[in-house]
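This report sets out the fold, the sheet and the packing of one protein chain. The sequence and the model are shown first, and the description follows.

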Amino acid sequence: MRDFSPIYDLPNAPAVYAFYSGGRGPRYVAYVGIAGKLKQRVVQHLIRRDSSVATGVSAVSLNPDQVTRIEWWGHPSFNKTVNLKAAEMVAFDLLQPALRSRGRDDSAGKEVLADPTFRKSMEVLFNGKPNGTVDFLTLSDALKRINQLEKRIEELEASLKK
């Protein structure tokens, strides 16, 4: 069972978030979505696993066990849902996720997106450092740590025999 306890430290604030898959080397953006309450939405995806993208109700779905990293971006304008939806569209363009949230076409969001000042501020936001990240151990990470611990135990046992 993977340790998803860091999820409970996520803020419950509006955000655009990205799930990454892959090891510690090359990663790819598996999914981008928006949330009015980030922690609640991530719990839905990765703990309860009852979001539409995690349940496999479509041809392509997200495997929560393959998520190795979460990044999220918040912004004061995200308190307005229309701005959050418009920001998500910018994130889709910049992050090129394998999966996108199944949000409906939003004409109001497109109007906000047509504002060059808003679009530029979102591009700066998503090209910059995220507001937060959570990394999850992969099986490979766990095996490396076990190997390191075994070596340390051997060294300690050897030093005690001297």
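## Surface, sheet and cores

The accessible surface of the chain is about 9800 Å², and 52% of it belongs to carbon and sulfur atoms; accessible areas are obtained by the Shrake-Rupley method with a 1.4 Å probe, and for residues only the protein chains shown count as cover. The model is predicted: local features need pLDDT of at least 70, side-chain atom pairs count only at pLDDT 80 or more, and totals for chains, interfaces and linings use all residues. Residues are numbered from 1 along each chain as its sequence is written, and side-chain values use heavy atoms, with hydrogens and water left out.

Of the 162 residues of the chain, 40% count as buried, where buried means under 20% relative accessible area, exposed over 50% and partly exposed in between (1.4 Å probe, protein chains only). The chain has six helices and five strands, which follow one another along the sequence as β-β-α-α-β-α-β-α-α-β-α. These elements are DSSP runs, helices being H or I of at least four residues and strands E of at least two, numbered from the N terminus. Among contacts between residues at least 6 apart in sequence, 73% join residues at least 24 apart; contact means heavy atoms within 4.5 Å.

### The sheet

Five strands form an open sheet in the order S4-S2-S1-S3-S5, with mixed pairing. The edge strands are S4 (99-100) and S5, each of which pairs on one side only. Two strands pair if DSSP finds at least two bridges between them. In strand S3 (residues 67-73), seven of the seven residues are buried, so this strand is largely enclosed by the rest of the structure. The pairings of S3 are listed below.

| Strands | Sense | Bridges | One bridge pair |
|---|---|---|---|
| S1 (residues 15-21) and S3 | antiparallel | six | Tyr20 and Arg69 |
| S3 and S5 (residues 132-135) | antiparallel | four | Trp72 and Gly132 |

Ala18 also stands opposite Glu71 in S3. In a regular strand the side chains alternate between the two faces of the sheet. S5 has a covered face, Gly132 and Val134, and an uncovered one, Thr133 and Asp135.

### Helices on the sheet

Helix H1 (residues 38-48) packs on the sheet and touches S1, strand S2 (28-35) and S3; the direction of H1 makes about 30° with that of S1. Helix H3 (residues 81-95) lies across S1, S2, S3 and S4, and runs at about 175° to S2. Axes are lines fitted to C-alpha atoms, for helices over the stretch in contact, and angles run from 0 to 180 degrees between N-to-C directions.

### Nonpolar cores and aromatic pairs

A nonpolar core is a set of buried Ala, Val, Leu, Ile, Met, Phe, Trp, Tyr and Cys residues joined through side-chain atoms within 4.5 Å. The largest has 22 residues, and those with the most contacts inside it are Val16, Val32, Leu95, Met122 and Phe126. The elements that give two or more residues to this core are S1, S2, H3, helix H4 (107-113) and helix H5 (116-127). H3 gives the most, with eight residues. Leaving aside neighbours within four places in sequence, the contacts of Val16 include Val32, Ile34, Trp73, Leu84 and Phe126. Apart from this core lies another of 21 residues, among them Tyr17, Tyr31, Leu62 and Val67.

The structure holds four aromatic pairs. Rings of Phe, Tyr and Trp (its six-membered ring) pair if their centres lie within 6.5 Å; planes under 30 degrees apart count as stacked, over 60 as edge-to-face and the rest as tilted. The rings of Tyr17 and Phe19 have centres 5.3 Å apart and planes at 50°, so the pair is tilted. Tyr17 is buried at 0% relative accessible area, and Phe19 is likewise buried at 0%. Ring pairs link Tyr17, Phe19 and Tyr31 into a cluster.

### A loop position

Pro97 is placed in the loop between H3 and S4 and counts as buried, with 9% relative accessibility. The C-alpha atoms of Pro97 and Ala30 are separated by 5.3 Å, although these residues are 67 apart along the chain. Beyond neighbours within four places in sequence, Pro97 is in contact with Val29, Ala30, Tyr31, Val32 and Phe92.
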